Amino acid sequence: MPTLSGALVTLRPATEDDVAALTRIRATPEVRERWDDGPVAEELADPDTEVLVVLYEDRVVGAVQWSEESDPDYRHAGIDIYLAPSVHGRGLGTDAVRTVARHLIDDLGHHRLVIDPAADNHPAIRCYEKAGFRPVGIMRRYERGRDGTWHDGLLMDLLAGELT
């Protein structure tokens with residue numbers, strides 16, 4: 001996996017050396033509310049997911065990851081991202097999503113990408129819309145929250161020609 005350069009951020013493959021920083025970010029209340037708190041090291045070891053750290057001003061400020069469906073009749077890639085609350089609102093998320101989307105489309109040949117924020121996560125939805133993602137529909141009772149109740153998700157997709 002190459003290092004990818006965006007307008008504001010750099011994305012490079014995550015390593016064991018990044019586990020402590022990513023774990024700290026994931027432990028912040030704002031990120032923990034939206035992101036599974038499983039061990040970061042296990043995610044890095046998952047052969048079906050590529051995890052990239054998001055670097056801003058030479059420091060780790062989050063991670064973006066992607067996985068793909070390789071069946072030729074359904075081929076597409078899915079993206080997930082989290083950033084430290086201290087850098088929210090600066091356009092870094094949109095830049096990171098655009099950068100990984102460009103890699104998935106231009107370098108790996110994907111024609112369609114998906115992302116699935118919680119339906120009530122309006123800042124994330126706006127971030128993805130700025131990169132060109134469009135709402136497809138609500139996935140009712142899509143994920144179980146920390147409180148044990150089911151919450152809706154929003155399926156969004158981006159076709160290769162729609163990347164902004």
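This briefing describes the sheet, the helices, the nonpolar core and a few charged residues of one protein chain. The structure is a predicted model. Its strands include an open sheet of 8 strands with mixed pairing, and its largest nonpolar core holds 48 residues. A search of the whole structure finds 7 salt bridges, and some of these are described below together with the surroundings of the residues that form them.

**The sheet**

- Read across the open sheet, the 8 strands follow the order S1-S2-S3-S4-S5-S6-S8-S7, and the pairing between them is mixed.
- Strand S1 (4-5) and strand S7 (134-144) stand at the edges with a single partner strand each, so one side of each has no neighbour in the sheet.
- In general, the strands of a sheet pair through backbone hydrogen bonds, and this pairing may be parallel or antiparallel.
- The parallel sense is found for S5 and S6, which pair over 2 bridges, and here Gly78 has Val114 in S6 as its bridge partner.
- The antiparallel sense is found for S7 and S8, which are joined by 7 bridges, and Glu143 stands opposite His151 in S8.
- The hairpin of S7 and S8 has 5 residues between the strands, and within this hairpin Gly148 takes a positive phi near 90°.

**The loop between S3 and S4**

- Glu57 lies in the loop between S3 and S4, and although Glu57 is not a glycine, its phi is positive, at about 50°.
- Asp58 also has its place in the loop between S3 and S4, and Asp58 likewise has a positive phi, of about 65°, without being a glycine.
- Glu57 counts as exposed because its relative accessibility is 60%, and Asp58 counts as exposed at a relative accessibility of 80%.

**Helices and the nonpolar core**

- Helix H1 lies across S3, S4 and S5 and runs at about 90° to S4, whereas H5 lies across S5, S6, S7 and S8 and runs at about 10° to S8.
- Within the largest nonpolar core, the residues that touch the most other members are Leu11, Ile79, Leu113, Tyr128 and Phe133.
- Elements that each supply at least two residues of this core include helix H1 (19-26), helix H4 (92-107), H5 and strand S8 (150-159), and the largest share, 7 residues, comes from H4.
- Tyr128, leaving aside its neighbours within four places in sequence, is in contact with Ile81, Val97, Ile115, Pro117, Phe133 and Met156.
- Ala131 is found in helix H5, which covers residues 122-131, and Ala131 counts as buried because its relative accessibility is 0%.
- Not counting residues up to four places away in sequence, Ala131 touches Thr94, Val97, Arg98, Leu158, Glu162, Leu163 and Thr164.
- Ala131 and Ala101 are separated by 30 residues in sequence, and their C-alpha atoms are 8.7 Å apart in space.

**Salt bridges**

- Asp18 forms a salt bridge with Arg12, with 2.8 Å between the closest N and O atoms; Asp18 counts as buried at 4% relative accessibility, whereas Arg12 counts as partly exposed at 23%.
- Arg26 and Glu43 meet through their side chains in a salt bridge of 3.0 Å, N to O, and this pair links distant parts of the chain, with Arg26 in helix H1 and Glu43 in helix H3, 17 residues apart.
- Both partners count as buried, Arg26 at 6% relative accessibility and Glu43 at 19%.
- Besides Arg26, the residues in contact with Glu43 are Trp35, Gly38, Val51 and Gln65, leaving aside neighbours within four places in sequence.
- Arg112 forms a salt bridge with Asp157, and the closest N and O atoms are 3.2 Å apart; because Arg112 lies in strand S6 and Asp157 in strand S8, the pair ties together parts that are 45 residues apart in sequence.
- Arg112 is partly exposed, with a relative accessible area of 23%, whereas Asp157 is buried, with a relative accessible area of 15%.

**A buried charge without a salt bridge**

- Asp95 is found in helix H4, and not counting residues up to four places away in sequence, Asp95 touches Gly6, Ala7, Leu8 and Val9.
- Asp95 is buried yet has no salt bridge, and the nearest side chain of opposite charge, that of Arg98, is 5.4 Å away.
- A salt bridge requires a nitrogen and a carboxyl oxygen within 4 Å.

Note on methods. Residues are numbered from 1 along each chain as its sequence is written. This is a predicted model: local features need pLDDT of at least 70, side-chain atom pairs count only at pLDDT 80 or more; totals for chains, interfaces and linings use all residues. Side-chain values use heavy atoms; hydrogens and water are left out. Helices (H or I, at least four residues) and strands (E, at least two) are DSSP runs, numbered from the N terminus. Buried means under 20% relative accessible area, exposed over 50%, partly exposed in between (1.4 Å probe, protein chains only). Contact means heavy atoms within 4.5 Å. A nonpolar core is a set of buried Ala, Val, Leu, Ile, Met, Phe, Trp, Tyr and Cys residues joined through side-chain atoms within 4.5 Å. Lys and Arg count as positive and Asp and Glu as negative; His and the chain ends are not counted. Two strands pair if DSSP finds at least two bridges between them. Axes are lines fitted to C-alpha atoms, for helices over the stretch in contact, and angles run from 0 to 180 degrees between N-to-C directions.
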